[in-house]
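Student: Please take me through one part of this model in detail. I would like to begin with charge on the surface and then follow the chain from there.

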Amino acid sequence: MDQAQTIALYQPVLQAIAFKILKCKADAEDIVQDTFVKWLNAEQEKIQNTKAYLIQAVRNNCINHLNTLRRKKEEYLEAIDLSKLTGRFREIDFSHLDLETELNKALAVINHKLEPLERAVYLLKEVFDFDYESVQKALNRKQEHCRQLFCRAKRKLSSLEVPKISIDLPKKGQWIESFRKACDIGNANILIAELQKEITPAGKED
């Protein structure tokens, strides 16, 4: 087989392996593409089993990718620990407390970094434990699209780039106020209604 035939043959199985490890289609596709590029530039005569070589390379690249993301996330969350905050969202009675400084910072980052649809998927999935079927029903978007949006949102929030200027929270009456109420009563319906208003209408399905 020539190189083009090899890529066509092994690409599906390599993407399946990468997706199983990363749980993100976009990242899986990028890893497989990068693996093929490195393979094309490798000394082919030294590779005895092309399939085994590509599979192992994809696995190694996925593990390295996850380690890199984890390291960046740990460094970034030293200032804003979203994983701890999501647990506190369920514990704090927001009807009796004002938003604390760190919660303000976290919500401001979410508001600044994420587009409305990304923000909607992230909040429902990460904070309110919606599965993708429930997110699909709430936002009227396909499950695969929701998965991609969630992966994209997590990548943006894991980025080390932190705005140097102060970020203002949305005015009351927008999604953060609805978020507080939804956390207080343990029901995301009020938040879903507000998030839907922010999503630019572009048809019922993307």
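Tutor: Start with the positive patch. Lys20, Lys23, Arg59 and Arg147 gather on the surface as a patch of positive charge. Keep in mind that this is a predicted model.

Take Lys23 from that patch. Lys23 sits in the loop between helix H1, residues 3-22, and helix H2, residues 25-40. Its relative accessible area is 56%, so Lys23 counts as exposed, the cut-off being over 50%. The backbone at Lys23 deserves a look too. Phi of Lys23 is positive, near 60°, and the residue is not a glycine. Most residues other than glycine have a negative phi. Lys23 follows H1 directly.

Now go back into H1. The helix has a kink of about 45° at Tyr10. The proline Pro12 comes shortly after that kink. Tyr10 is also one of the buried residues of H1. The others are Thr6, Leu14, Ile17, Ala18 and Leu22.

A word on the whole before moving on. The protein has 10 helices and 0 strands. Read from the N terminus, its elements run α-α-α-α-α-α-α-α-α-α. Of the 206 residues, 37% are buried.

Next, cross the loop into H2. Here the charge is negative. Glu29, Asp30, Asp34 and Glu144 form a negative surface patch. H2 gives the most to this patch, with 3 residues. Glu29 is found in H2. Its relative accessible area is 34%, so Glu29 counts as partly exposed.

Two other residues of H2 tie this part to distant sequence. The first link is through Ala26, which is found in H2. Ala26 has a relative accessible area of 29% and is partly exposed. Its C-alpha atom is 6.9 Å from that of Gln148. Along the chain, Ala26 and Gln148 are 122 residues apart.

The second link is a salt bridge. The side chains of Asp27 and Arg155 meet at 2.9 Å, N to O. This pair joins distant parts of the chain: Asp27 lies in H2, and Arg155 lies in helix H8, residues 143-158. The two are 128 residues apart. Their surroundings can be read from accessibility. Asp27 has 8% relative accessibility, so Asp27 counts as buried, under the 20% cut-off. Arg155 has 31%, so Arg155 counts as partly exposed.

How many salt bridges does the structure hold? The count is 6. Compare the H2 to H8 pair with two that stay inside one helix.

In helix H7, residues 132-139, Lys137 and Glu133 are 4 residues apart. That spacing means that about one helical turn separates Lys137 and Glu133. Their side chains meet in a salt bridge at 3.6 Å, N to O. Lys137 is exposed, at 64% relative accessibility. Glu133 is partly exposed, at 42%.

Shortly after, look at the loop between H7 and H8, where Asn140 is placed. Asn140 has a positive phi of about 60°, although Asn140 is not a glycine. You met a positive phi near 60° at Lys23 as well. Asn140 has a relative accessible area of 34%, so Asn140 is partly exposed.

The other pair within one helix is in H10, residues 189-198. Glu194 forms a salt bridge with Lys197, with 3.8 Å between the closest N and O atoms. Glu194 and Lys197 are 3 residues apart, so about one helical turn separates them. Glu194 is buried, at 13% relative accessibility. Lys197 is exposed, with a relative accessible area of 64%. Beyond this pair, Glu118, Arg152 and Lys156 are joined into one network by salt bridges that share partners.

To gather the part you asked about: Lys23 belongs to the positive patch and is placed in the loop between H1 and H2. On one side, H1 carries the kink at Tyr10. On the other, H2 supplies 3 residues to the negative patch. Asp27 of H2 pairs with Arg155 of H8.

Notes
Residues are numbered from 1 along each chain as its sequence is written. This is a predicted model: local features need pLDDT of at least 70, side-chain atom pairs count only at pLDDT 80 or more; totals for chains, interfaces and linings use all residues. Side-chain values use heavy atoms; hydrogens and water are left out. Patches are made of residues with over 30% relative accessible area and no salt bridge: like charges are joined within 9 Å, nonpolar side chains (Val, Leu, Ile, Met, Phe, Trp, Tyr) within 5 Å. Accessible areas come from the Shrake-Rupley method with a 1.4 Å probe; for residues, only the protein chains shown count as cover. A salt bridge is a side-chain nitrogen of Lys or Arg within 4 Å of a carboxyl oxygen of Asp or Glu. Lys and Arg count as positive and Asp and Glu as negative; His and the chain ends are not counted. The place of a charge is taken as NZ of Lys, CZ of Arg, CG of Asp or CD of Glu. Buried means under 20% relative accessible area, exposed over 50%, partly exposed in between (1.4 Å probe, protein chains only). The bend at a residue is the angle between axes fitted to the seven residues ending there and the seven starting there.
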